Amino acid sequence: MALPGPLNRYLLLMAQEHLEFRLPEIKSLLSLFGGQFISNQGTYGKSPFWILSIPSEEIARNLMKRTVCAKSIFELWGHGRSSEELYSSLRSYPVEKMVPFLHSDSTYKIKIHTFNKTLTQEEKVKRIDALEFLPFEGKVNLKKPQHIFSLLEDYGLDPNCIPENPHNVYFGRWIADGQRELIESYSIKKRHFIGNTSMDAGLSFIMANHGKVKENDIVFDPFVGTGGLLIASAHFGAYVYGTDIDYNTVHGLGKASRKNQKWRGPDENIRANLRQYGLEKYYLDVLVSDASKPSWRKGTYFDAIITDPPYGIRESTRRTGSQKEIPKGMEKCPESHVPVSLSYHLSDMFFDLLNFAAETLVLGGRLVYWLPVYTPEYIEEMVPSHPCLKLISNCEQKLSSHTSRRLITMEKVKKFKNRDQSSHLPNDHSLLYQGHNSFREKYFSGVTKRIAKEEKSSQE
Ligand SMILES: C[S@@+](CC[C@H](N)C(=O)[O-])C[C@H]1O[C@@H](n2cnc3c(N)ncnc32)[C@H](O)[C@@H]1O
């Protein structure tokens, strides 16, 4: 495979949260910015230190303007399994690559970062002194340095077994920090309009990143709720649109979800949420509509569909319809038919969602959604598929001992033709998907059993 020019090595310092979501986020963002995920490191499982080969610092900076899974990125000057190995690696790093950042009229500072161990000030100073052999010619400035260098020591993942010496030591030039502060500044605790199932800010940004949302995109959430997912996409410059079956949610009416408040206030709605963050210009609209009966003309409208369908735990899975048989002759007069609601099987809901995405996404557009699963029965084949959609990633978030939800990301790789619509449901597979239908019962049976067990053990 031909590589796009010379690659430089960078060190990513990852946050130790949502571990499974990290690699798809970094891969998605790199592909958005023209970089390719190339790395010699075999494991990205749990370590916070990732070595990455990418063609330019610009791509590294763009990546950090988006990621919420990575804390910082460094241009990697040296790496070893011991301090000695690090020093010899640093000695072989080309001096001409160092000099622009070390010349006499520059200012700098060296920071020490350790993982799974705390060093004393004295130990830190010792480590900095040991780097004297590097051709630093500038002046130290601790408050506002032009360049920041970091020595990072990795003492492994086990807090009960901290080694004397680090497993890995890295040295590099700090380039940029990621967007971790968004988790706090967009926290739903401080959000104007929230509901029982409002999506956590960190996960909303991760979903938008998995969806490769970019400026001027059109992003749709068919199960919009309080619009948590729209906010993250709008923050990245996309125009957002949503639908929900619940009239009160869409119109910001009814009971409030906050503890000390009975009813929702006059301006508690999705538009006001976007306004709160200075993103109102990205608001297209939200409508009351049933996702099982999309009212769109045929066409490709969306760059991404990012959504959190109901699982039936805190909100019901309903669709419009009637259990009563429609009297003969009335079928042609839908205006005389008042829709009541029917239960909406989870499996049907996911098939509808995939079909809708296959039909309305632009080529290369992504569908990102949560699939609830009962973990003892989960197998990968249960994840719904569609011939127009390629599975990009499938990451687990545990909800309880027996249940989890999986963040599924798919990309439209083929134009939608009507015949595709039925071809994604081979009979043997459709049986597997039926398992999703009883998620609610399984969720509560798991919870009930756990509570009973906890009560029993507390009485013993
Ligand atoms: C998990 S919540 C979405 C929460 C949302 N992400 C947020 O941040 O507030 C699922 C939403 O789907 C809506 N819903 C349920 N059945 C629906 C249907 N058939 N069509 C459209 N929306 C539906 C519910 O009213 C609920 O607001």
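**Helix 7 and its neighbours**

The chain I am showing has 14 helices and 16 strands, and I should say at the outset that this is a predicted model. Buried residues make up 49% of the 460 residues in the chain, and the accessible surface comes to about 23,500 Å², with 52% of that surface belonging to carbon and sulfur atoms. If we take the contacts with a separation of 6 or more, residues 24 or more positions apart account for 74% of them.

Let me begin with helix 8, which covers residues 228-235. Is this helix enclosed by the rest of the structure, or is it open? It is largely enclosed, because 7 of its 8 residues are buried. Those buried residues are Gly228, Leu229, Leu230, Ile231, Ala232, Ser233 and Ala234, and they pack against helix 7 and helix 10, as well as against strands 8, 9, 10 and 11. After the helix comes Gly237, which has a positive phi, near 90 degrees.

Of these partners I would like to follow helix 7, residues 201-210. Helix 7 and helix 8 have their axes 8 Å apart and pack at an angle of about 60 degrees; the two are therefore oblique to each other, and the crossing is right-handed. On the helix 7 side the contact is made by Ser204, Phe205, Met207 and Ala208, while helix 8 contributes Gly228, Leu229, Ala232, Ser233 and His235. Sorted by class, the residues of this contact are 5 nonpolar and 4 polar, with no charged ones.

Helix 7 also meets helix 1, residues 19-32, where the two axes come within 8 Å and cross at roughly 45 degrees. That angle makes helix 1 oblique to helix 7, and here the crossing is left-handed. The residues in contact are Phe21, Pro24, Glu25, Ser28 and Leu29 from helix 1, together with Leu203, Ile206, Asn209 and His210 from helix 7. By class, this contact has 5 nonpolar, 3 polar and 1 charged residues.

What does Ser393, in strand 15, touch beyond its neighbours in sequence? Leaving aside residues up to four places away in sequence, Ser393 touches Pro24 and His210, and also Leu407, Ile408 and Thr409. Pro24 and His210 are both among the residues that form the contact of helix 1 with helix 7. Ser393 is itself buried, with a relative accessible area of 9%.

Turning to the stretch before helix 7, Phe193 is found in the loop between helix 6, residues 181-185, and helix 7. Phe193 is buried, with a relative accessible area of 0%. Not counting residues up to four places away in sequence, the residues it touches are Thr226, Thr249, Gly252, Arg264, Glu268, Asn269, Ile270 and Asn273. The C-alpha atoms of Phe193 and Ala256 are separated by 8.8 Å, although these two residues are 63 residues apart along the chain.

Finally, helix 1 brings us to helix 2, residues 57-64, whose buried residues are Ile59, Ala60, Asn62, Leu63 and Met64. What covers them includes helix 1, together with strand 1 (8-14), strand 2 (49-54), strand 3 (70-80) and strand 7 (168-177).

To draw the two crossings together, helix 7 passes helix 8 in a right-handed crossing, whereas the crossing of helix 1 and helix 7 is left-handed.

Key
Residues are numbered from 1 along each chain as its sequence is written. This is a predicted model: local features need pLDDT of at least 70, side-chain atom pairs count only at pLDDT 80 or more; totals for chains, interfaces and linings use all residues. Side-chain values use heavy atoms; hydrogens and water are left out. Buried means under 20% relative accessible area, exposed over 50%, partly exposed in between (1.4 Å probe, protein chains only). Helices (H or I, at least four residues) and strands (E, at least two) are DSSP runs, numbered from the N terminus. Contact means heavy atoms within 4.5 Å. Accessible areas come from the Shrake-Rupley method with a 1.4 Å probe; for residues, only the protein chains shown count as cover. Axes are lines fitted to C-alpha atoms, for helices over the stretch in contact, and angles run from 0 to 180 degrees between N-to-C directions. Angles under 35 degrees count as roughly parallel, over 145 as roughly antiparallel, 65 to 115 as roughly perpendicular and the rest as oblique. A crossing is left-handed if the near helix is turned anticlockwise from the far one by less than a right angle, and right-handed if clockwise. Ala, Val, Leu, Ile, Met, Phe, Trp, Tyr, Cys and Pro count as nonpolar, Asp, Glu, Lys and Arg as charged, and the others, Gly among them, as polar.
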